[in-house]
Amino acid sequence: NLEKKKKELENELARIQDGLDKSIDEVKEGVSDSVDPKNIIKKYPIPIVGASLVIGFLLGRKRKDAQPLASKSYRSSDSPMARELKRIVAKRGLSLLLDFLDDKVATLKQKDQASSD
C-alpha cells in the first residue's frame with residue numbers, strides 16, 4: 001500500500017512539474033514575442049517611425065554643432081564602413097515599414113471583398 005501511495009505521489013509530482021514547465025515556456029514565449037523588435041514595430045509603426053526621425057534629427061543636429069575644424073577624414077562616422085552600415089540599417093527599417101503597410105493594405109482589401117460578398 002505504501003509503494004502504491006509513493007507511485008501516486010511521484011506521478012502527481014511529475015504532472016505538476018510538467019504543468020510548471022509548460023507555464024514557464026508560455027511565459028518565456030510571451031516575453032520574447034513582446035520584446036521582439038519586429039513585433040514592436042508591427043504593433044506601433046507610426047510612433048516608432050516618428051521617434052526614429054526625431055532621434056535621427058537630434059543626433060544629426062548635435063553632430064553638426066560639434067564638428068571639429070579638422071578634416072572630415074579623421075571622423076570615424078564618415079568612414080565608408082559607417083556610411084554603408086547606416087545605409088543598410090535605413091534600408092532594412094524602410095523595408096520593415098513597407099512590409100507592414102503592405103500587410104495592412106492586403107488586410108483592408110480582404111475586409112472590403114468580404115463585406116461586398
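Reading from the N terminus, the elements of the chain go α-α-α-α. That makes 4 helices and 0 strands, both taken as DSSP runs numbered from the N terminus (H or I of at least four residues for helices, E of at least two for strands). Keep in mind that this is a predicted model, where local features need pLDDT of at least 70 and side-chain atom pairs count only at pLDDT 80 or more, while totals for chains, interfaces and linings use all residues. Residues are numbered from 1 along each chain as its sequence is written, and side-chain values use heavy atoms, with hydrogens and water left out.

**Confidence**
- The chain's mean pLDDT (the predictor's confidence in each residue, from 0 to 100) is 79, with 85% of residues at 70 or more.
- Helix α1 (residues 2-35) has the highest mean among the elements, at 88, and α3 the lowest, at 78.

**Burial and helix α4**
- Just 5% of the 117 residues count as buried, meaning under 20% relative accessible area; exposed is over 50% and partly exposed in between (1.4 Å probe, protein chains only).
- Ala-82, Leu-96, Leu-97 and Phe-100 are buried in α4.
- With its 37 residues, α4 spans 53 Å from first C-alpha to last, close to the expected 54 Å at 1.5 Å a residue; the expected span is 1.5 Å times one less than the number of residues.

**Largest pocket**
- The largest pocket holds about 360 Å³ of space.
- A pocket here is an open set of points on a 1 Å grid over the protein atoms alone, where a 1.4 Å probe fits, with protein on both sides within 12 Å along at least five of seven lines; lining residues have an atom within 4 Å of a point.
- Grid points are joined across faces, edges and corners, and the volume is the space filled by probe spheres set on them.
- Its lining includes Ile-41, Pro-45, Ser-52, Gly-93, Leu-96 and Leu-97.
- Two elements, α3 (45-65) and α4 (80-116), give two or more residues to that lining, and α4 gives the most, with 6.
- By type, the lining has 10 nonpolar residues, 2 polar and no charged.
- Nonpolar covers Ala, Val, Leu, Ile, Met, Phe, Trp, Tyr, Cys and Pro; charged covers Asp, Glu, Lys and Arg; the others, Gly among them, are polar.

**Salt bridge**
- The whole structure has 1 salt bridge, defined as a side-chain nitrogen of Lys or Arg within 4 Å of a carboxyl oxygen of Asp or Glu.
- Arg-15 pairs with Glu-12, their closest N and O atoms 2.2 Å apart.
- Arg-15 and Glu-12 are about one helical turn apart because they sit 3 residues apart in helix α1.
- Arg-15 is exposed at 53% relative accessibility, whereas Glu-12 is partly exposed at 35%.
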